[in-house]
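Here are a few exercises to work through with the viewer open. Try each task yourself before reading on to its solution.

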Amino acid sequence: MRDVGLVGLPFSGRSTLFTALTRSGSHGGQANVAVVPVPDPRLGVLTDLERSKKTVPAQVRFVDVPGGVSSAQGIARLREVDALAVVVRCFGPDRHPAEDLEAVRGELLLADLAVIESALEKAEKRAKGKGSPEVEALRRAKETLEVETPLRDGAIAAEELPHLRAIAPLTLKPEIVVVSASRSGLAS
């Protein structure tokens with residue numbers, strides 16, 4: 001099962017997307033989580049070929065956190081997911097989807113920078129002035145974030161990834177951008 005965290009600015013359509021994907025309602029003030037089966041017509045063919053008694057489709061767990069990346073609870077919950085779906089608003093007279101996307105990405109960068117700085121301090125204390133792969137990986141991650149580059153786009157070496165995955169950086173996760181538009185906005 002894969003987990004997808006929905007993030008976006010307030011009134012971007014994030015909770016509406018959650019409701020549409022999961023066919024379940026949002027509950028104010030708490031994380032909304034729902035598991036959805038992934039339909040696949042090939043699954044029936046495989047079930048018949050294998051003469052299976054039970055057919056179990058793949059599943060996706062969607063997580064919609066109130067407050068998104070602006071709340072500590074939201075950040076902690078988003079660190080647990082496998083991918084992020086960034087919802088940007090593309091409806092209404094005051095729409096600015098590119099600016100909204102950059103704002104969300106900026107919040108993700110800042111959240112990662114804070115956790116990387118904290119982890120780096122602790123790693124440096126453990127290393128006691130000696131070089132360590134963990135310290136080097138965290139320094140490179142910090143430098144990448146300080147120039148406003150997501151970790152997935154930075155020059156992070158494969159051997160450094162285990163040191164970063166332990167703290168689950170948000171900008172290391174795959175990202176899907178979802179445009180939230182009104183029906184009338186689709187025609188224009």
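**Exercise 1. Is Arg 139 buried, exposed or partly exposed, and which side chain does Arg 139 meet in a salt bridge?**

Step 1. Start with the area: this is a predicted model, and in it Arg 139 has a relative accessible area of 35%. Buried needs under 20% and exposed needs over 50%, so Arg 139 counts as partly exposed.

Step 2. Look for the partner. The side chain of Arg 139 meets that of Glu 136 in a salt bridge, at 3.2 Å from N to O. Glu 136 is partly exposed too, with 39%.

Step 3. Place the pair. Both residues sit in helix 5 (residues 133-146), three residues apart, which is about one turn of the helix.

**Exercise 2. Find the salt-bridge partner of Glu 160 and say where each side of the pair lies.**

Step 1. The partner is Arg 140, and the closest N and O atoms are 2.9 Å apart.

Step 2. This pair links distant parts of the chain: Glu 160 is in the loop between helix 5 and helix 6, while Arg 140 is in helix 5, 20 residues apart.

Step 3. Now check the burial. Glu 160 has 8% relative accessibility, so Glu 160 counts as buried. Arg 140, at 36%, counts as partly exposed.

Step 4. Go one further and chase shared partners. Salt bridges join Glu 102, Arg 105, Arg 152 and Glu 175 into one network.

Step 5. Compare with another pair, Glu 80 and Arg 77, where the closest N and O atoms are 3.4 Å apart. Here Glu 80 is exposed at 53%, and Arg 77 is partly exposed at 28%. The full count for the chain comes to 14 salt bridges.

**Exercise 3. Work out why Lys 173 has no salt bridge, using the distance to the nearest side chain of opposite charge.**

Step 1. Locate Lys 173: it lies in the loop between helix 6 (161-165) and strand 5 (175-180).

Step 2. Get the distance. Lys 173 is buried, and the nearest side chain of opposite charge, Asp 82, is 6.3 Å away.

Step 3. Apply the cut-off. A salt bridge needs a side-chain nitrogen within 4 Å of a carboxyl oxygen, so at 6.3 Å Asp 82 doesn't qualify.

Step 4. See what surrounds the lysine. Leaving out residues up to four places away in sequence, Lys 173 touches Leu 78, Arg 79, Val 81, Asp 82, Ala 83, Leu 84, Arg 152 and Ala 168. So Asp 82 is among the contacts, even though the pair makes no salt bridge.

**Exercise 4. Which residues of helix 1 (residues 14-22) are buried, and what covers them?**

Step 1. The buried residues are Arg 14, Phe 18 and Thr 22.

Step 2. Look down the axis of helix 1: the buried residues fall within an arc of 55°, so they line one face of the helix.

Step 3. Flip to the other side, where Thr 16 and Ala 20 are exposed.

Step 4. Identify the cover. It includes strand 1 (2-8), strand 2 (32-37), strand 3 (59-64) and strand 4 (83-89).

Step 5. Finish at the end of the helix. Helix 1 is followed by Arg 23, whose phi is positive, near 55°.

**Exercise 5. Which members of the largest nonpolar core touch the most other members, and which elements give two or more residues to this core?**

Step 1. The general idea is that in soluble globular proteins, nonpolar side chains tend to be buried together.

Step 2. The core has 17 residues, of which Ile 116, Leu 138, Leu 145, Leu 151 and Leu 164 touch the most other members.

Step 3. The elements giving two or more residues are helix 4 (97-127), helix 5 and helix 6. Helix 4 gives the most, with seven residues.

Step 4. Zoom in on Leu 164. Beyond four places in sequence, Leu 164 touches Ile 116, Ala 137, Leu 138, Ala 141, Ile 156, Pro 169 and Leu 172.

Step 5. There's also a second, separate core of 14 residues, including Ile 75, Leu 84, Val 86 and Val 88.

**Exercise 6. How many helices and strands does the chain have, and in what pattern?**

Step 1. Count seven helices and five strands.

Step 2. Read along the sequence to get β-α-β-α-β-α-β-α-α-α-β-α.

Step 3. Add the burial: of the 188 residues, 37% count as buried.

Methods. Residues numbered from 1 in each chain as written. Predicted model: local features only at pLDDT ≥ 70, side-chain atom pairs only at ≥ 80, totals over all residues. Heavy atoms only, no water. Helix = DSSP H or I, 4+ residues; strand = E, 2+ residues; numbered from the N terminus. Buried < 20%, exposed > 50% of the residue type's maximum accessible area, 1.4 Å probe, protein only. Lys, Arg positive; Asp, Glu negative; His and termini not counted. Contact = heavy atoms within 4.5 Å. Arc of directions from axis to C-beta. Core = buried A, V, L, I, M, F, W, Y, C linked by side-chain atoms within 4.5 Å.
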